[in-house]
Every structure is written in structure tokens, then in C-alpha cells.
Amino acid sequence: MRKTLTTSGAALTLALVLTGCSGPGVDSVELNNEPEPGTAPSVTFETPLNAEEAGAKELREGDGEELAEGDTILLQAALFKGSDGTSIGETYSRGAGQVLQLEQGLQESIPEMYEALVGAKQGAIIAYSSPETAGAAGDESTSVEVYEVVRKIPTEIEGDMQDSPRDLPEVTENDEGVPAVAEPEGDAPKKLVSEYLIEGDGKEVAEGDTVIAHYVGVKWSDGETFDSSYENGAPASFPLDNVIEGWQEGLEGKKEGSRVILSVPVGQAYGTEKDLGEDSDYPAGSLLFVVDILAAVDTPEAPAEDEPSASPSPSATGDESSASPSPSATEE
């Protein structure tokens, strides 16, 4: 199976799409325990929960840096059925989490969550429910979404950019700091090249870390951009174990706050045209990337047995079930 570079944004992305004022539906949600770092929380709430209007509630106050308008943050999520409190899934065991920007679009579409996040501190755990967070077909309850603010993420790399290594194309940037790669000339290097264009001073990326990064990817053959997190609108978040080999090897050991140029030979990228076939969505041949390493965090190990659960309050009935997580990076 071939690993993709970008996140899929699959099932456990933010489902927040409402307007309205804080309502009674989420008021009964309480944190059931103090979760271990990297472990999904357990919550208790009255069932069936049926939010008549959108509402957000801080379940745990954070103790880190305060969040402000315009910040970019990394969230982890756990979702629970409103009908009986059983788990729908979580992102913790997949590592990648969700990158969210506290900007006008969020404020307009989900004002309750925006207001709960702005002014909260890193480490906060927030519950959300609304008429739009519906359960399964035929289930009239509304699900409960629980989000943990893992950390605030820098949005740009600081420092003067060095020239590209010999035989690699020139890299410039526009006024917004978005890197642009000149069309490559000559043959691509046969071995992986990973060099700093800007060397940061943060911690080194460790094997298997979850990396939050902005990047631009171009084909060596013609310089065409085939992928860009800038065009996607937000940094990408991915466990390093779940990306192409050239990224795994090329980013490990590099420092947070760095801009790195990667020349990835075909054997450490997606493969040849023959390997991929005519209808592949992935680029064939050698590739070149410019990667801004905004942050790196530990990737939690998937729990062996115990899964996050929600227990109904004593006034209701229900049971527990294991989570059914969705990946933040997909494989083919």
C-alpha cells in the first residue's frame, strides 16, 4: 500500500456548522476523568441528549498560552452518541488531529465554538452539540463533540532564506511568505536530498512524530505544482509514519521553525507511471518539496484495549462501546 502525503480530512473533522445561542443540550456534559496526555477523554451526560440550539461548554480549563483571534491551533476530538453516550470515534489514537484557524469564517459559521476557543488556554477541553450534530439514521438525538486544544501553532517561518543546494532549483517567496519553486533543470538527484533553507531553533522532529507543516510540492519533470497546503487553506497535520518515505527520512531530525527543501527520488515518492497506472491521483517520478515545519508533537500509541467512552448520568441508561477512529492520513 502506498502512503499519501496529505491529510484526508476524513470522518472526524470538525462538524461545526451552526448559528445560535448557548443552549441546554450541552449543559449536562461533564468530564468523567482527567485524561492522560494523548488519550481521549471520557465524558458523562444525560441521555438522550437533544440540543435544541447550538452550545459549547468548557469542561476543563487549560493552563497554557491563551488563544486569540487569528491563532492557528491543533485540536484532538472525541465524538459520542447523544442517544446512549457510546463512542462514535476519536482522533487521538491516529495522532494527526485537526488544524483549525480562529478566523472570521469560523466566527460566522460556528460562533459558539469560536467564542469558547478565543480566550481559552492551551489544554482546554470543550464540549459542543447542536441540532446539526445529528446521530445515525432514525436517531433523533444530537451527538456530543469534545475537543482538546493540544497547542497553538505558529503560522509562518522566521529567518533569512539561504540559497538552494547545488543542482536544486531556486526557491523564492511572495509577500505572504508562500514559497515558489523555479522549474527544475537537468536530472533529479538519484538520492534523497534534505537541506535547510531556514534553520529553526525548535526541537528536532523525532521518528513517528506528528508534524504540522505548510508545504509546496512540484514535479521534477516540469516544475508543475501538484499539491500545496497554502492552496488548501491551512497547514497539514500528519503522523510521520503515515507519509511517503522521502518525508519520513527527510524530515526526521530537522528542527521546528525550519524551512526544508526535499528532493525525493521516485523510489521514495509515489512511484513511476507504470507503478501508479493511468488513473492515479498521485504524481509519478521524482518530486521536490519545500516544507515549513511549524510544529512537531508526540504521536500517541493506539490503546490496546481501553477505548474512550461516555457514560450516561445516573438518571439515564446506556452502555459503552469502543471507538471507531478515522485516519487523518489515508493509504491506498
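## Backbone geometry

P48 sits in the loop that runs between strand 3 (43–45) and strand 4 (55–60). The structure is a predicted model. The peptide bond joining T47 and P48 is cis, with omega at about -5°.

A second backbone feature is found at D167. This residue, which is not glycine, has a positive phi near 75°. Most residues other than glycine have a negative phi, and most peptide bonds are trans. D167 belongs to the loop between strand 9 (144–153) and strand 10 (171–173). With a relative accessible area of 60%, D167 is exposed, because the cut-off for that class is over 50%.

## Surroundings of L59

L59 is part of strand 4. Its relative accessibility is 16%, so L59 counts as buried, the limit being under 20%.

Outside the neighbours within four places in sequence, the contacts of L59 are V29, E30, L31, V43, I125, I126, A127 and V146. For one of these, L31, the C-alpha to C-alpha distance to L59 is 5.9 Å, while the two residues are 28 apart in sequence.

## Negative surface patch

Five acidic residues, E207, D241, E245, E249 and E252, form a negative patch on the surface. Among them, E245 is located in helix 4, which covers residues 245–251. E245 has a relative accessible area of 43% and is therefore partly exposed.

Notes. Residues are numbered from 1 along each chain as its sequence is written. This is a predicted model: local features need pLDDT of at least 70, side-chain atom pairs count only at pLDDT 80 or more; totals for chains, interfaces and linings use all residues. Side-chain values use heavy atoms; hydrogens and water are left out. Helices (H or I, at least four residues) and strands (E, at least two) are DSSP runs, numbered from the N terminus. Buried means under 20% relative accessible area, exposed over 50%, partly exposed in between (1.4 Å probe, protein chains only). Patches are made of residues with over 30% relative accessible area and no salt bridge: like charges are joined within 9 Å, nonpolar side chains (Val, Leu, Ile, Met, Phe, Trp, Tyr) within 5 Å. Accessible areas come from the Shrake-Rupley method with a 1.4 Å probe; for residues, only the protein chains shown count as cover. A salt bridge is a side-chain nitrogen of Lys or Arg within 4 Å of a carboxyl oxygen of Asp or Glu. Lys and Arg count as positive and Asp and Glu as negative; His and the chain ends are not counted. The place of a charge is taken as NZ of Lys, CZ of Arg, CG of Asp or CD of Glu. Contact means heavy atoms within 4.5 Å.
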